[in-house]
Amino acid sequence: MSRHFQTLAGIGLALGGTLVPSVASAQYNRVPDPNAKRVMVAVFRSGDKGLGVQAADAVRSRMTSEFPFKQVYVLPKQDITATLEASGFPVTEALEPHDQKALATLLRADEYVTGTVSKGPDGVKVEANLVLARDNALVQPLGTYDAKSVGEASSLIAKELKEARKQLEFEQKCIEHRRVSRSVSTLPIAAAKEGITAYPKSTLVRICWANVLISQKAPAAQRLEVAKEIVAVDAKSRPGLAVMAQAYKELGERDSAVVTLTKLLATDPKNPRLQKDVVDELMSANPKVARPVIDQAVEANPGDPDLLRTRWIILLSQGDFKAAFAQGEELVKLDTSFADTTYFIRTARAYTTDSQPKLGAEFASKGLAKFPNQPSLVYEQIMSLKNSGQLQQALESLDKAEGAKVAVDNSAALRVTLLKELGKEVLPAIKAAIAAGDTTQNIRVLALQAGNDAYRKAVTSKNLDDFTAAVDVLKYAESVAPNSLKPQAIFLLGATYVQFGQAKLTAADAAKSCPLTKEAKDLFVEAQIMLPRGGSFAPGSRCAP
């Protein structure tokens, strides 16, 4: 529910739970029958100014005259207008689907009629749907009509609505039977079949049927059959497409699943969870399968920002970055709100993946200019700078973020990696991170890597100071290592003692120094203790002196 409608709902409760004016018009002076279904007619979506209001008014008027008052109470336009005005919404424009549902809920509507209308060569083209207020995914198409006027179209819509509503009592029976049934009962499906008999083009009872099959863990093929029937009536049915996609996936028909998911995403492209599910599926399957589907949808609906957004996601998933970048720029020109954090993050990441990390860093910087200190954008900027070889700039960006208390993902490990690639000492940063409470294994792996690097440096240089430094690093790495890494740390420490002892013996021989010889023997003793303890890491090693 939008912020405006939430506020209005609070006002309604304060006034006794109703927002309906006491007197709307003479036509609505009678108190609605308590058993009558309350139906709202929303402003139809239209590119022609005023046409959407005309269509809604015509449908509302036709329904009022044709539906029995005791069975269906059509909410007066005045009630709808008053609620919209009180909430700050325009009264002559179509609402977004979630706001339509919120408005219907506030007006205590059981159902609502919505649709689209446009001017045609010989009149108007009107498409209408019946939606159940409890869930705006429960949609029953009422048809598409080419008519001379909205009045003529409203007559056809009202006639179809009468037929479509014949399924509703059976949809309720199906739901009730499903709710109380604790076993594989045939009652819910029997009710659904009765609803289909009453209205063969039914989607609502078929959706209930599909949900019953899911709860009863019916075979995927059986669920697919019902889902196909739903989608045959309503190609944009979210429940139908969702059931179909899952059934295809379980049956191993991955290409069909991807195509279906792509169609599903086109019905609700701003749904983040759905978006993630589809993109993940595309990444694991063949994104090329979805490309023709979305291209066809975009061609049929030019300039539709939601479809273009879906296409942009598919282009990124497919790795067609050049087309994705162009599509993104087009979307931003068409709808500036598209340039959100997700847009900047994904585009920056795509540039880096496309071997253009410098452009990735620049794009992330643009995003940060609009969304300062956004953690994911900061991370993308740092990684892009790192991948483009701008290590010092990446480190400075990380310093700036931490100074601003921005929670950069895995920042301690990232800092150590940058310091290492810059050739700087990393142990102080590792110790500081662990002392500050970093409990991740990543930072401990880096501590062990630092010890290994120090060991290799000492073995190469044969410098006694380098060996001393390597021992210090490996002792610390062993002290903080998790159990899975301790054998490796102990073994490396033992190997360092061996090499250190040999280096001291060489130095003792050259200097004729007895103290150095004793120190070398002490190191060999340490090695004999450490190497067996770390034997599980290198069981075949024969490094002991």
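The paragraphs below follow one helix pair and then several salt bridges through this predicted model.

The helix pair consists of H6, which spans residues 168-180, and H8, which spans residues 204-215; their axes lie 9 Å apart and enclose an angle of about 15°. Because angles under 35 degrees count as roughly parallel, that angle makes H6 roughly parallel to H8. In passing H8, helix H6 makes a left-handed crossing. On the H6 side the contact is made by Leu-168, Phe-170, Glu-171, Cys-174, Ile-175 and Arg-178, which meet Leu-204, Val-205, Cys-208, Trp-209, Asn-211, Val-212 and Ser-215 of H8. Sorted by character, the residues of this contact comprise nine nonpolar, two polar and two charged ones.

From helix packing we turn to charged pairs. Side chains of opposite charge can pair when their charged atoms come close. The structure holds 22 salt bridges, and three of them are followed here with their surroundings.

One of these bridges joins Lys-162 to Glu-66, with the closest N and O atoms 3.9 Å apart. The partners belong to distant parts of the chain, since Lys-162 sits in helix H5 (residues 150-164) and Glu-66 in helix H2 (residues 51-66), 96 residues apart. Both ends have some access to the surface: Lys-162 is partly exposed at a relative accessible area of 35%, and Glu-66 is likewise partly exposed, at 26%.

Another bridge pairs Arg-311 with Asp-295, where the closest N and O atoms are 2.7 Å apart. Arg-311 lies in helix H14 (residues 305-318) and Asp-295 in helix H13 (residues 291-300), so this pair ties together parts that are 16 residues apart in sequence. Arg-311 is buried, with a relative accessible area of 17%, whereas Asp-295, at 25% relative accessibility, counts as partly exposed. The two residues also take part in a wider arrangement, a network of salt bridges that links Arg-291, Asp-295, Arg-311 and Asp-320.

A further bridge is found between the side chains of Arg-349 and Glu-380, with an N to O distance of 2.8 Å. Here again distant parts of the chain are linked, with Arg-349 in helix H16 (residues 341-353) and Glu-380 in helix H18 (residues 375-387), 31 residues apart. In this pair the acidic partner is the buried one, because Glu-380 has a relative accessibility of 7%, while Arg-349, at 42%, counts as partly exposed.

Methods: Residues numbered from 1 in each chain as written. Predicted model: local features only at pLDDT ≥ 70, side-chain atom pairs only at ≥ 80, totals over all residues. Heavy atoms only, no water. Axes fitted to C-alpha atoms, helices over the stretch in contact; angles between N-to-C directions. Helix = DSSP H or I, 4+ residues; strand = E, 2+ residues; numbered from the N terminus. Parallel < 35°, antiparallel > 145°, perpendicular 65-115°, else oblique. Left-handed = near helix turned anticlockwise from the far one by under 90°. Contact = heavy atoms within 4.5 Å. Nonpolar A, V, L, I, M, F, W, Y, C, P; charged D, E, K, R; others polar. Salt bridge = Lys/Arg side-chain N within 4 Å of Asp/Glu carboxyl O. Buried < 20%, exposed > 50% of the residue type's maximum accessible area, 1.4 Å probe, protein only.
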